[in-house]
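Welcome to a short tour of a protein model. Open your viewer, pick a cartoon style, and get ready to select a few residues at each stop.

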Amino acid sequence: MARGVGEDGPHPVDRHVGRRVCEKRISLGYNQSDLGRALGLTFQQIQKYEKGANRISASKLWDIARFFKVDVAYFFQGLNAGQPGMAEGDAPAFDHEFPSTRYTIEISRLAPQLSSRQQKLALDMIREMSGKADPDN
């Protein structure tokens, strides 16, 4: 059994940190092999980190943060209130179970450049394609 996997799968904090590594890697334009080479790891190990299946050691997280030029705290930002170690009153963050892709990151980066009307049209199109109804209707 992998270290980050329990009876119910990877620990939520391990999944969150792995997701943040994945999102940052994609937003900077690196693939898993690039990050693996920089850290002396295989892309398979990076996959396991990003899924939360294997926990990232403190020293490896430090190396990842230096490679991405971010503070280590970056990887813990957005943890939901109620998670172990989170202070009371911390606002819950947007949480999702799907991995970010180059496409979702690019869509989120480009959307603010559109007019409000264009953003609404794009949102309507995405809702139509995903089969999700407009909550305002």
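We will make three stops: a helix pair, a salt bridge and a surface patch. Keep in mind along the way that this is a predicted model.

**Stop one: two crossing helices**

Select residues 32-39, which form helix H2, and residues 58-68, which form helix H4. Their axes come within 10 Å and cross at roughly 115°. H2 passes H4 in a right-handed crossing. Which residues make the contact? On H2, show Leu-35, Ala-38 and Leu-39; on H4, show Lys-60, Asp-63, Ile-64, Phe-67 and Phe-68. Try colouring these side chains by class: the contact has six nonpolar residues and two charged ones, with no polar residues.

**Stop two: a salt bridge**

Side chains of opposite charge can pair when their charged atoms come close. The count for this model comes to four salt bridges. For one of them, select Asp-14 and Arg-55, whose side chains meet at 2.7 Å, N to O. What does this pair tie together? Asp-14 lies in helix H1 (residues 12-27) and Arg-55 in the loop between helix H3 (43-51) and H4, so the salt bridge links parts that are 41 residues apart in sequence.

**Stop three: a nonpolar surface patch**

Now switch to a surface view and select Tyr-103, Ile-107, Met-125, Ile-126 and Met-129. Together they make a nonpolar patch of about 590 Å². Helix H5 (102-110) and helix H6 (116-130) each supply at least two of the patch residues. Which helix gives the largest share? That is H6, with three residues. Click on Ile-126 to find one residue that lies in H6.

Notes: Residues are numbered from 1 along each chain as its sequence is written. This is a predicted model: local features need pLDDT of at least 70, side-chain atom pairs count only at pLDDT 80 or more; totals for chains, interfaces and linings use all residues. Side-chain values use heavy atoms; hydrogens and water are left out. Axes are lines fitted to C-alpha atoms, for helices over the stretch in contact, and angles run from 0 to 180 degrees between N-to-C directions. Helices (H or I, at least four residues) and strands (E, at least two) are DSSP runs, numbered from the N terminus. A crossing is left-handed if the near helix is turned anticlockwise from the far one by less than a right angle, and right-handed if clockwise. Contact means heavy atoms within 4.5 Å. Ala, Val, Leu, Ile, Met, Phe, Trp, Tyr, Cys and Pro count as nonpolar, Asp, Glu, Lys and Arg as charged, and the others, Gly among them, as polar. Patches are made of residues with over 30% relative accessible area and no salt bridge: like charges are joined within 9 Å, nonpolar side chains (Val, Leu, Ile, Met, Phe, Trp, Tyr) within 5 Å. Accessible areas come from the Shrake-Rupley method with a 1.4 Å probe; for residues, only the protein chains shown count as cover.
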